[in-house]
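Let's take a stroll through a protein fold, one strand at a time. Have a look at the picture below before reading on.

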Amino acid sequence: MQRNLLITGGAGFIGSHVVRRFVNKYPQYRIINLDALTYAGNLENLRDIENAPNYTFVKADICDAEAVAKVIKEHGIDGIIHLAAESHVDRSITDPLSFVRTNVFGTVTLLNAAKEAWKSAMEGKRFYHVSTDEVYGSLHDDSLFLETTPYDPQSPYSASKAASDHFVRAYGNTYKLPFVVSNCSNNYGSHHFPEKLIPLMINNLRNSKPLPVYGKGENVRDWLWVEDHASAIDTIFHNGKNGETYNIGGHNEWKNIDLVHLLCSIMDKKLGRAAGESAKLITYVTDRAGHDLRYAIDAGKIERELGWKPSITFEVGLERTVDWYLANTEWLEHLTTGAYQQYYKEHYAQR
Ligand code: NAD
Ligand code: DAU
């Protein structure tokens, strides 16, 4: 079947994996990647598919109603996978308004454009909103997030994502826009911007720089390999039921400090350092304001109803990830000069 898909945020970390998967796996689809190329967007992430005949890149902002409507009309878009967002919790603490702008205003702008373009024939159309487990808040016992867990966002980032999820469901209810939502746990893998925990630690380990662990390092995250997230998105886009929400996760909880120690021991081996050498770089720094203690996803629904589960273990995925960064130091170096240095200096100087 022929489809014309709009993927937003396709030059970012997860978006680039989704674009690559769809371009390669579905040659009969036309994939339009719309991205504003903020600091987090990087066309180098897509070098391998940029000349594919079924791929088009459009530089545009999801807040620009005219530009978004034009793309949907010109390309006869019949499905949208929406990933574009401001995605870094620390940045949301210093600049919440840019999160409201992109994550809330931008998502509603996109919803409006889809509703207008599709209003005479909603049948067969699909608006897929990619969201996060952070909308459910912070766990302080051993329970897991279910699709029915009440929303309780605790950071400006998660509040903006929660608002966008509510708008998607409101458009489904009010205008009968066919939609699906997924809420995923922390991703890791190649092409991850080095302001997030795992790539930042790998980059600092490589350069023998301090490894900044927030607070006591006791916060827990549930890690999923990014290509498994892309495969879940593929499964939900094609087989998920309209109006449903699916949690996606790896059943793979790690305390930050344990994860940093694991990375240190992998890097000791890869870089030929003595055992325990890298761990000496661990430095405890001031905690993140309002730091969520624990996230953990119950991914039972997507497994039961759609037959999806992660394809690889964390040990395999993490080793692959470290190998990718060590083989792609040029990619890292392009990102970690200029504006990144400034961000790093300001963010970690205060800690
Ligand atoms: P990212 O920050 O790496 O990439 C975001 C992309 O969106 C970038 O390419 C950026 O240029 C683009 N973008 C930002 N503002 C835009 C705008 N106004 N208009 C058009 N494009 C814009 O993010 P990511 O980590 O790949 O996350 C992608 C999505 O998945 C987000 O919606 C995020 O909330 C969600 N998510 C992320 C994770 C994770 O662990 N990273 C987990 C669950 C859900
Ligand atoms: O749970 C899904 C979410 O995961 C996504 O929605 C977000 O877009 C994504 O950024 C991620 O959010 P986190 O805040 O969990 O990711 P981050 O990599 O920023 O931090 C992971 C944990 O590591 C968190 O407990 C904070 C801690 N941390 C982070 C950094 C950058 C440190 O201890 N030191 C650091 O330098």
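Which residue in β5 is the bridge partner of His82? Keep in mind that this is a predicted model. The partner is His129.

## Around β4

That pair belongs to the match between β4 and β5, which line up in the parallel sense over 4 bridges. Strand β4 also pairs with β1: the two run parallel and are joined by 4 bridges. Here, Leu5 stands opposite Gly79 in β4.

What about the two faces of β4? Both are covered. Gly79 and Ile81 are buried on one side, while Ile80 and His82 are buried on the other.

## The whole sheet

Now zoom out. The sheet is open and has 7 strands, in the order β3-β2-β1-β4-β5-β6-β10, with parallel pairing. Because β3 (55-59) and β10 (245-248) stand at the edges with a single partner strand each, one side of each has no neighbour in the sheet. From one strand to the next, the twist averages 20°.

## β5, β6 and the helices

Strand β5 (residues 126-132) pairs with β6 (residues 179-184) too, in the parallel sense and over 6 bridges. In this pairing, Ser131 sits opposite Asn183 in β6.

Two helices to spot next. Helix α1 (residues 13-25) packs on the sheet, where it touches β1 (3-8), β2 (29-35), β3 and β4 (79-82). The direction of α1 makes about 165° with that of β2. Helix α5 (residues 156-175) packs on the sheet as well, touching β5, β6 and β10. For α5, the angle between its direction and that of β5 is about 155°.

Terms used. Residues are numbered from 1 along each chain as its sequence is written. Chains are lettered from A and ligands numbered from 1 in the order in which they are written. This is a predicted model: local features need pLDDT of at least 70, side-chain atom pairs count only at pLDDT 80 or more; totals for chains, interfaces and linings use all residues. Side-chain values use heavy atoms; hydrogens and water are left out. Two strands pair if DSSP finds at least two bridges between them. Axes are lines fitted to C-alpha atoms, for helices over the stretch in contact, and angles run from 0 to 180 degrees between N-to-C directions. Contact means heavy atoms within 4.5 Å. Buried means under 20% relative accessible area, exposed over 50%, partly exposed in between (1.4 Å probe, protein chains only).
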